[in-house]
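Student: Could you take me through the part of this model where the strands pair up, and then on to whatever open space it helps to line? I'd like one connected account that I can follow on screen.

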Amino acid sequence: MPRHYDWNSRLQDHLDGAMTRAFCPGKHDCALFAAGCVAAMTGDDFAAPYRGRYRTLRGGIRILRKAGFSDAIALAAAHLPPVAPAFAADGDVAVVPTPEGPALGILIGAQIRVAGPKGLRLVPREAATDFYKVN
């Protein structure tokens with residue numbers, strides 16, 4: 001899934017729309033946010049089959065497990081190749097620890113954007129445990 005030639009402006013438009021959007025499982029959570037960013041950059045939404053099909057995080061995990069994925073990280077890993085932290089670039093997907101468990105976000109510069117309770121929150125790049133390449 002190669003990036004569109006204008007991926008940067010497409011990603012920025014998606015980020016602008018998510019800036020103050022409240023966290024809502026099944027509509028705007030960390031997995032759907034990250035997949036939406038990938039879709040904005042490439043046109044391929046690997047989370048499309050799951051959007052709107054759950055209302056709790058537990059429900060989302062249940063649906064992913066029925067599809068053969070242990071969690072949202074496994075879903076992303078099935079669609080994107082891993083990349084070493086030193087080679088992760090703007091627009092790549094990052095995995096960051098949270099009190100609720102690992103979450104997906106998007107790397108932009110020295111920070112990772114992650115869906116939070118009242119909109120996007122910023123996490124330092126160094127907090128990431130894994131990165132996945134969006135080509």
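Tutor: Happy to. Let's begin with strand 2 and strand 3, which pair in the antiparallel sense over three bridges. Pairing here requires that DSSP finds at least two bridges between the strands. Strands are DSSP runs of E with at least two residues, helices are runs of H or I with at least four, and both are numbered from the N terminus. The model is a predicted one, in which local features need pLDDT of at least 70 and side-chain atom pairs count only at pLDDT 80 or more, while totals for chains, interfaces and linings use all residues. Residues are numbered from 1 along each chain as its sequence is written, and side-chain values use heavy atoms, with hydrogens and water left out.

Within this pairing, Ile106 of strand 2 has Arg113 in strand 3 as its bridge partner. The two strands form a hairpin with two residues between them, and Gly109 in that turn has a positive phi of about 65°.

Now step back to the other partner of strand 2. Strand 1 (residues 93-96) is joined to strand 2 by four bridges, and this pair runs antiparallel. Here Val96 stands opposite Ala103. This is again a hairpin, with six residues between the strands; Gly101 in the turn has a positive phi of about 125°.

Strand 2 (residues 103-108) has five of its six residues buried, so the rest of the structure largely encloses it. Buried means under 20% relative accessible area, exposed means over 50%, and partly exposed lies in between, using a 1.4 Å probe and protein chains only. Strand 3 is mostly covered too, with five of its six residues buried.

On its other pairing, strand 3 is joined to strand 4 (residues 119-124) by six bridges, and these strands run antiparallel. Val114 stands opposite Arg121 of strand 4, and a hairpin of two residues connects strand 3 to strand 4.

That brings us to the open space. The largest pocket holds about 570 Å³. On a 1 Å grid over the protein atoms alone, a pocket is an open set of points with protein on both sides within 12 Å along at least five of seven lines, whereas a cavity is a set of points where a 1.4 Å probe fits but cannot get out. Points are joined across faces, edges and corners, and the volume is the space filled by probe spheres set on them.

Lining residues, those with an atom within 4 Å of a point, number 28 for the largest pocket. Phe23, Cys30, Leu57, Pro102 and Ala103 lie nearest its centre. You have already met Ala103, as the residue opposite Val96. The elements that give two or more residues to this lining are helix 2 (30-42), helix 3 (57-66), helix 4 (72-79) and strand 3 (111-116). Helix 3 gives the most, with six residues.

By residue type, the lining divides into 19 nonpolar, four polar and five charged. Nonpolar covers Ala, Val, Leu, Ile, Met, Phe, Trp, Tyr, Cys and Pro; charged covers Asp, Glu, Lys and Arg; the others, Gly among them, count as polar.

Finally, a look at helix 2: twelve of its 13 residues are buried, so it is largely enclosed by the rest of the structure. Among those buried residues are Cys30, Phe33 and Met41.
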